[in-house]
Amino acid sequence: MNTVTPLSQAAPYAIGPAAAVTLVIDVGGTHVKARIGREENEVKFVSGAAMTPQEMVGTLKEQLAGRSFQRVSMGVPMPVRGGRIVAEPHHLGTGWLGFDFAQAFACPVRIINDAAMQALGSYRSGTMLFLGLGTGLGSALITDGRVVPLELGHLPYRKNNFEYYVSDERRKKNKKAWPGTVLEVVEMLRAAFLPDYIVLGGGNAKKIGALPAGVELGDNSNALEGGLRLWALS
């Protein structure tokens with residue numbers, strides 16, 4: 001299991017040699033966002049249900065033309081084990097499983113689930129449950145600095161699964177009931193994992209309204225921060 005120094009005890013991030021310039025890519029079901037180090041000029045473009053890894057890499061290279069980096073951190077909305085994608089995504093095109101990103105970018109690449117990457121950037125200490133509310137439902141647990149990617153969205157809930165009821169599609173169909181459903185799911189998962197605190201990230205988290213004690217709103221920029229911290233993992 002990957003480990004990282006508890007961030008309450010660490011520097012903002014430890015990324016190894018100072019000369020290693022990191023490109024961080026946050027691949028989502030709606031958009032792809034990327035940033036080199038902590039530069040302010042972030043790259044952003046539409047992803048969508050048909051986007052392949054070849055298209056993503058090609059578009060990114062076009063938008064980053066003339067800018068250099070030495071390694072890549074990439075968060076992806078699909079299961080990742082041991083730094084490798086193990087299943088095709090639900091909300092993107094095909095071809096991600098087995099794609100050689102290191103060859104495509106011509107440099108070392110570390111891959112992590114997108115929710116785990118944002119969780120890593122949000123973590124302070126203790127046990128934190130992260131839930132990402134975007135196109136679907138991302139999830140990750142960090143306990144005493146150990147990152148545990150989860151796939152809670154596909155667990156059975158009511159007549160379907162968690163992701164179905166808290167997804168962006170469901171929110172658009174029933175905006176009045178959606179916040180209450182999300183908070184019900186949050187409380188169920190809080191009871192199951194007993195975290196010290198819960199962070200809600202993703203583009204729809206801010207649409208819930210008032211949050212209960214122990215639940216806080218994350219910042220989507222934490223995903224890019226998490227990509228920098230990813231190189232501190234052993």
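Residue A106 lies in the loop between α2 (101-105) and β7 (109-113). In this predicted model, A106 has a positive phi of about 60 degrees although it is not a glycine. R158 likewise has a positive phi, near 50 degrees, and is not a glycine. An open sheet of five strands, with helices α3 and α6 packed on it, is described after these two loop positions.

**Positive phi in loops**

- Most residues other than glycine have a negative phi.
- A106 counts as exposed because its relative accessibility is 68%, and the cut-off for exposed is over 50%.
- R158 is placed in the loop between β11 (156-157) and β12 (160-161).
- With a relative accessibility of 48%, R158 counts as partly exposed.

**The five-stranded sheet**

- The strand order of the open sheet is β10-β9-β8-β13-β14, and the pairing is mixed.
- At the edges are β10 (146-150) and β14 (215-217), each of which pairs on one side only.
- From one strand to the next, the twist averages 20 degrees.
- Strands β8 (residues 127-133) and β9 (residues 137-143) run antiparallel and are joined by seven bridges.
- L129 has L141 in β9 as its bridge partner.

**Helices packed on the sheet**

- Helix α3 (residues 114-122) packs on the sheet and touches β8, β9, β10 and β13 (197-201).
- The direction of α3 makes about 45 degrees with that of β9.
- Helix α6 (residues 178-193) also packs on the sheet, where it touches β8, β9, β10, β13 and β14.
- The direction of α6 makes about 155 degrees with that of β8.

Key:
Residues are numbered from 1 along each chain as its sequence is written. This is a predicted model: local features need pLDDT of at least 70, side-chain atom pairs count only at pLDDT 80 or more; totals for chains, interfaces and linings use all residues. Side-chain values use heavy atoms; hydrogens and water are left out. Helices (H or I, at least four residues) and strands (E, at least two) are DSSP runs, numbered from the N terminus. Buried means under 20% relative accessible area, exposed over 50%, partly exposed in between (1.4 Å probe, protein chains only). Two strands pair if DSSP finds at least two bridges between them. Axes are lines fitted to C-alpha atoms, for helices over the stretch in contact, and angles run from 0 to 180 degrees between N-to-C directions. Contact means heavy atoms within 4.5 Å.
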